[in-house]
Amino acid sequence: MGCTLVVAPASAAEANVPDELAKNGGTIEMVAAGESKTLEISPGKAETQKETPAPYRGYKDSSQVHVKSYTRAGLQEFGGHASNLRCGSYGPGSWGLCHIGERHKGGWANRGAGTDWFDMMEFATKLTLKKSQIVVRKANDTYNYCAPVKLKCKGKTYDTFNTNASVSFKGTNIITTYQAKKCE
């Protein structure tokens with residue numbers, strides 16, 4: 001069973017595709033910013049993915065522990081350099097991988113129907129920062145990069161969304177990355 005992850009509005013008939021993939025397994029091809037990645041889905045894994053803790057984080061790790069670096073598209077006032085995903089923190093004022101795992105992991109896992117939520121988030125974030133369609137400077141001194149993603153199964157789009165990735169202007173750390181209907 002082959003499927004593809006791409007961005008476009010889903011019809012009511014296609015709404016059950018994630019449930020079928022979670023139940024029977026298969027593959028998804030995730031398409032973002034003109035690049036694609038195939039992800040394997042194991043039957044019955046969707047629920048356990050919601051419970052999986054954020055990777056790369058030990059109990060006593062500092063919030064500044066480096067997880068990954070991503071090339072970021074340059075802007076006139078915010079040069080093209082690397083953005084860093086760090087462990088970050090949980091709770092109020094959270095940021096980084098801890099924040100993404102705590103607040104947005106379920107959204108990534110639900111869309112992936114049991115594929116590894118971190119792999120989906122990481123691929124979408126990498127391409128959103130590198131080839132964003134829209135970049136907006138926010139009042140809280142961050143830049144929000146945004147790019148579309150599509151999910152397809154058997155050649156048909158069953159879900160579309162935008163990946164929003166916020167980067168701090170001062171420290172160039174990734175604050176969050178999540179999916180939404182529009183660029184925010």
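1. The axes of helix 3 and helix 4 come within 8 Å of each other and cross at roughly 100 degrees. Helix 3 is therefore roughly perpendicular to helix 4. On the side of helix 3, the contact is made by Leu97, Ile100, Gly101, Lys105, Trp108, Ala109, Arg111 and Gly112. Helix 4 contributes Trp117, Phe118, Met120, Met121 and Ala124 to this contact. The reader should bear in mind that the model is predicted.

2. As to the overall architecture, the chain has four helices and nine strands. Read from the N terminus, the order of elements is β-α-β-β-α-β-β-α-α-β-β-β-β. The chain comprises 184 residues, of which 49% count as buried. Considering contacts between residues at least 6 apart in sequence, 56% join residues at least 24 apart.

3. Which residues have the most contacts inside the largest nonpolar core? They are Met30, Leu85, Trp108, Trp117 and Met121, in a core of 34 residues. At least two residues of this core are supplied by each of helix 1, strand 2 (26-32), strand 3 (35-41), strand 4 (66-71), helix 3 (96-112), helix 4 (117-130), strand 7 (142-153) and strand 8 (156-168). Helix 4 provides the largest share, eight residues. Trp117 and Met121, named above for their contacts inside the core, also take part in the contact of helix 4 with helix 3. Trp108 likewise belongs to the list of core residues with the most contacts, and it is among the residues of helix 3 that meet helix 4.

4. Leucine 85 merits separate attention. Neighbours within four places in sequence aside, leucine 85 is in contact with Val65, His66, Val67, Lys68, Tyr70, Gly96, Leu97, Ile100, Phe118, Met121 and Ile174. One of these, Lys68, is also its bridge partner, with leucine 85 standing in strand 5. Strand 4 and strand 5 run antiparallel and are joined by five bridges. Strand 5 (residues 82-86) has four of its five residues buried, so the rest of the structure largely encloses this strand.

5. Leucine 97, another contact of leucine 85, lies in helix 3. Is leucine 97 buried or exposed? Its relative accessibility is 1%, and leucine 97 therefore counts as buried. Leucine 97 and leucine 85 are 12 residues apart along the chain, and their C-alpha atoms are separated by 6.6 Å. Leucine 97 thus appears in two settings: it is in contact with leucine 85, and it is one of the residues through which helix 3 meets helix 4.

6. Helix 1 (residues 17-24) has Val17, Pro18, Leu21 and Ala22 as buried residues. These cover an arc of only 135 degrees around the axis, and they therefore lie on the same side of helix 1. The exposed residues Asp19 and Lys23 are carried on the face turned away from that buried side. Just after helix 1, glycine 25 takes a positive phi of about 80 degrees.

7. Strand 2 is mostly covered, with five of its seven residues buried. On one pairing, strand 2 runs antiparallel to strand 3 and is joined to it by three bridges; glycine 26 has isoleucine 41, in strand 3, as its bridge partner. Strand 2 also pairs with strand 7, again in the antiparallel sense, over four bridges. In that pairing, methionine 30 stands opposite leucine 151 of strand 7. Methionine 30 is also one of the residues with the most contacts inside the largest nonpolar core.

8. Two residues other than glycine deserve a check of their backbone geometry. Alanine 33 has a positive phi of about 50 degrees although it is not a glycine. It sits in the turn of the hairpin formed by strand 2 and strand 3, which have two residues between them. With a relative accessible area of 24%, alanine 33 is partly exposed. Aspartate 141, in the loop between strand 6 (134-137) and strand 7, has a phi near 65 degrees, which is also a positive value in a residue other than glycine. Aspartate 141 is partly exposed, at a relative accessible area of 34%.

9. A final point concerns threonine 160, which is in strand 8. Threonine 160 has a relative accessible area of 18% and is buried, because the cut-off for that class is under 20%. Its C-alpha atom is separated by 9.6 Å from that of arginine 111, although the two residues are 49 apart along the chain. Arginine 111 is itself among the residues of helix 3 in contact with helix 4.

Notes: Residues numbered from 1 in each chain as written. Predicted model: local features only at pLDDT ≥ 70, side-chain atom pairs only at ≥ 80, totals over all residues. Heavy atoms only, no water. Buried < 20%, exposed > 50% of the residue type's maximum accessible area, 1.4 Å probe, protein only. Arc of directions from axis to C-beta. Core = buried A, V, L, I, M, F, W, Y, C linked by side-chain atoms within 4.5 Å. Contact = heavy atoms within 4.5 Å. Pairing = 2+ DSSP bridges. Axes fitted to C-alpha atoms, helices over the stretch in contact; angles between N-to-C directions. Parallel < 35°, antiparallel > 145°, perpendicular 65-115°, else oblique.
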